[in-house]
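This briefing sets out the architecture of a single chain, by topic. It is intended to be read alongside the sequence and the coordinates.

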Amino acid sequence: MNESEIDVSLEKTDVLHFTYTAKEDISLPDSSNRLLATFKIDQLIKENLPSEKQGACLGKDFYFYGGGWQSWGFGGEVEPGSYKKPYIPVIPQWLQYTNFPGKNPSRVSGKRTSDPRLLKGQFVIYLRWENTYLAVCSTGRVDGSVLPPVQFYVNRSRRTITVCLYSDGKTWTKGEKVCDLTLFFAEGFFGLKDTIRKIYGGTENSRFDYLRFLSSEKDRIITCGWESWYNHYANINQKLIDSDLECLGKTGNIIKTWCLDQNKPTVFQVDDGWEEALGQWDVWKERFPEGMTALASSIADKGYIPGLWVAPFIIDYRAKVAREHRDWILRDNKGQPIAAGYGELWGAKNGPDQPGKKYSYFCLDLSNDEVLSYLDSLMEKIINEWGFRYIKLDFLFAGMIYGAYKNGGAGYLWYDRAIKTITSRKVNKKGQAVAYLGCGLPLEASYNALPLSRIGPDTKEDWDFDILAKIRWEGRPGALPNMQSTLGHAFFDQSIYINDPDVIFLRDENISLTENEKELVALVNYLFASQLMHSDDPVDFKEETEGKFTEKIRALYQKFAGEEFGLVNLSRTSYIIFSRSKKYCGLINLGNKDFSVKKESLLSHAGIASQADRELLPVTAHVSERDGLLSAEKHSISIFEVK
């Protein structure tokens, strides 16, 4: 399908709505991502921005936010004149994590699509000139429709935005909606966020309602809990989990003092390591001899909401299910299984049990009705047989990988069918509410079914993963890439998603993060997202040291309770932050060197009148001041109360 085969209608209110439909029946399936339309940036400025604001934008370069097509993509801004450097594919399977699926067009707006100077973003993008934002959003799913995911290509030199669809395998009928786009200009971070909330529904929308049993807040949904991953990783067993469960409510950890003592609903999540094998979702009996029903029951008896990790769409080729059902695995046009990723615990190095590159794991063919039935029975077992009520669904991007589906068709349609099936149980057989946390999920294709979701890569008890940083792997675990995405996706929170930023760390041992870095992670997660998860070992909690630091963080949470924070990027690692109430402002420095900003600039970005007598009282500050210039320490957050 090309532009000549598409009708477009334009509705102009305070935002621009473009609706594209097929002009006629198109029986030949789309063979690749399809180019849909191209917008000229300066034309949009001239036609839709007040004349007094045009001068700052016309012909001027811009900050660019493009996010990623799934949770683990880079979520921050790219500065004017800059581009994202591509990943060096030392591990080629990881390209599946971040590359928009399907076959890309060869050229867009005069450049090859592989050219790193062509900026790419999916679902929602924006261009920013100081405080003026131009946002372009794919909104075809707002009304419940199931439309192809969208990728945007932005050419800085030609000043164009080109729209492309992941419609590979799709056939069209006359009048069928192909795509719906919404474009708007906004002033300031809260102008952007408020318009996004209006477009996608926000907290008032019914798609968030079923999550309210997890939250003690009235005006917004904020969830909290403990998980096993970042202390034990996959090395868990019944004795370890029982000890954590016993001690979590007895020591002065943040879950006890911030959640349990305030009677907040609290999740206790058992992460990876309980299962026989990836894709073989039966209990590993040597590790958990009493079984999963007993485990969920013991968690509930302690007053927690039982949580469990599962990755339903991916599978180890060695797993019993994979051996018995080779036809369930997605294949390419040559009949070869398609790797979904790389994991040394999840795939053989070589041999007959490794049909791909070493340590590959694979994805299920979601078009196969037997696969769908298997996934449905899996969720029935987890929820109604075992008794878990908070299900973390991980590595969901694998369900959108394009292949030679058994039943043909388009990947996004099979993904939608599968995701609706596995999230269909909103209550269990006892009438208790059930929630789902999405992770590694396609952001555009999932927000209706999975409004509570991770919005960045995994964090880590280290600032960064240096080896993976050198090959520019943007999906790498680490506090730095995690913070960039948590801050970059802050405008999603309570508007498109209930943002899960991953965990905070407050411990002393088994960690390389400094106290400043731990404070930074803890405050960013609380101020810019809506799920507070913790993973420190409650058994070895040290009241004298960890208890004091935990109390400091708890007191800061209490001080900022009810405040909504926004931000503006100065660079990929430096930010000015501010509260909607204008009571607080501050600086975040993710960089490895100090950065400086004038006090007047800080107040201006925060929307606070710059007066000589305005006093900045430090709440938590890691800055030095000289002649009105504030210098922020590396890896720190500084917040001031404005008087």
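Two strands are taken to pair if DSSP finds at least two bridges between them. By that criterion, strand S18 (residues 305–310) pairs with S22 in the parallel sense, over 4 bridges. The model is a predicted one, and the points below treat its overall form, two groups of strands, a covered helix, two loop positions and the cysteines.

**Overall form**

- The chain contains 17 helices and 35 strands.
- Its radius of gyration is 24 Å, close to the 26 Å that the globule rule gives for 643 residues, so the chain is as compact as a globular protein of that length.
- Along the principal axes, the C-alpha trace spans about 70 × 70 × 45 Å.
- Of the 643 residues in the chain, 62% are buried.
- Among contacts with a separation of 6 or more, 73% are made by residues 24 or more positions apart.
- About 24200 Å² of the chain is exposed, and carbon and sulfur atoms supply 48% of that area.

**Strand S22 and its parallel partners**

- In a regular strand, side chains alternate between the two faces of the sheet.
- Strand S22 (residues 390–393) is covered on both faces: Tyr390 and Lys392 are buried on one side, and Ile391 and Leu393 are buried on the other.
- On the S18 side, glycine 307 stands opposite tyrosine 390 of S22.
- S22 also runs parallel to strand S23 (residues 435–438), to which 4 bridges join it.
- Tyrosine 390 has alanine 435 as its bridge partner in S23.
- Together with helix H11 (residues 411–422), S22 and S23 make a β-α-β unit, and this unit is right-handed.

**Strand S30 and its antiparallel partners**

- S30 is mostly covered, with 6 of its 6 residues buried.
- Tyr584, Gly586 and Ile588 are buried on one side of S30, while Cys585, Leu587 and Asn589 are buried on the other.
- S29 pairs with S30 in the antiparallel sense over 5 bridges, and isoleucine 576 has leucine 587 of S30 as its bridge partner.
- S29 and S30 form a hairpin with 4 residues between them, and lysine 582 in the turn has a positive phi of about 65 degrees.
- S30 pairs in the antiparallel sense with strand S35 (residues 636–642) as well, through 6 bridges.
- In that pairing, isoleucine 588 stands opposite isoleucine 637 of S35.

**Helix H14**

- Helix H14 (residues 479–488) is mostly covered, as 10 of its 10 residues are buried.
- Among the buried residues of H14 are Ala479, Asn482, Met483 and Leu487.
- The cover over the buried residues of H14 includes strand S4 (63–65), helix H15 (515–528) and strand S28 (565–569).
- Strand S29 (574–579) and strand S30 (584–589) also belong to that cover, which links H14 to the hairpin formed by S29 and S30.

**Two loop positions**

- Threonine 459 lies in the loop between strand S24 (452–454) and helix H13 (466–470).
- With a relative accessibility of 1%, threonine 459 counts as buried, because the cut-off for a buried residue is under 20%.
- Leaving aside neighbours within four places in sequence, the contacts of threonine 459 include Tyr230, Pro477, Gly478, Asp502, Val503 and Phe505.
- Threonine 459 is also in contact with Ala479 and Asn482, both of which are buried residues of H14.
- Alanine 56 is placed in the loop between helix H2 (51–54) and S4.
- Alanine 56 is exposed, with a relative accessible area of 53%.
- The C-alpha atom of alanine 56 is separated by 8.8 Å from that of threonine 132, a residue 76 positions away along the chain.

**Cysteines**

- A search of the whole structure finds 0 disulfides.
- The sulfur of cysteine 164 is 10 Å from the closest cysteine sulfur, which belongs to cysteine 179, and this is too far for a bond because a disulfide requires sulfur atoms within 2.5 Å.
- Cysteine 164 is buried, with a relative accessible area of 0%.
- Cysteine 247 is likewise in no disulfide, and its nearest cysteine sulfur, that of cysteine 259, is 17 Å away.

Conventions:
Residues are numbered from 1 along each chain as its sequence is written. This is a predicted model: local features need pLDDT of at least 70, side-chain atom pairs count only at pLDDT 80 or more; totals for chains, interfaces and linings use all residues. Side-chain values use heavy atoms; hydrogens and water are left out. Buried means under 20% relative accessible area, exposed over 50%, partly exposed in between (1.4 Å probe, protein chains only). A crossover is right-handed if, with the strands pointing away from the viewer, the path from the first strand over the helix to the second runs clockwise. The radius of gyration is taken over C-alpha atoms; the globule rule is 2.2 Å times the number of residues to the power 0.38. Contact means heavy atoms within 4.5 Å. Accessible areas come from the Shrake-Rupley method with a 1.4 Å probe; for residues, only the protein chains shown count as cover.
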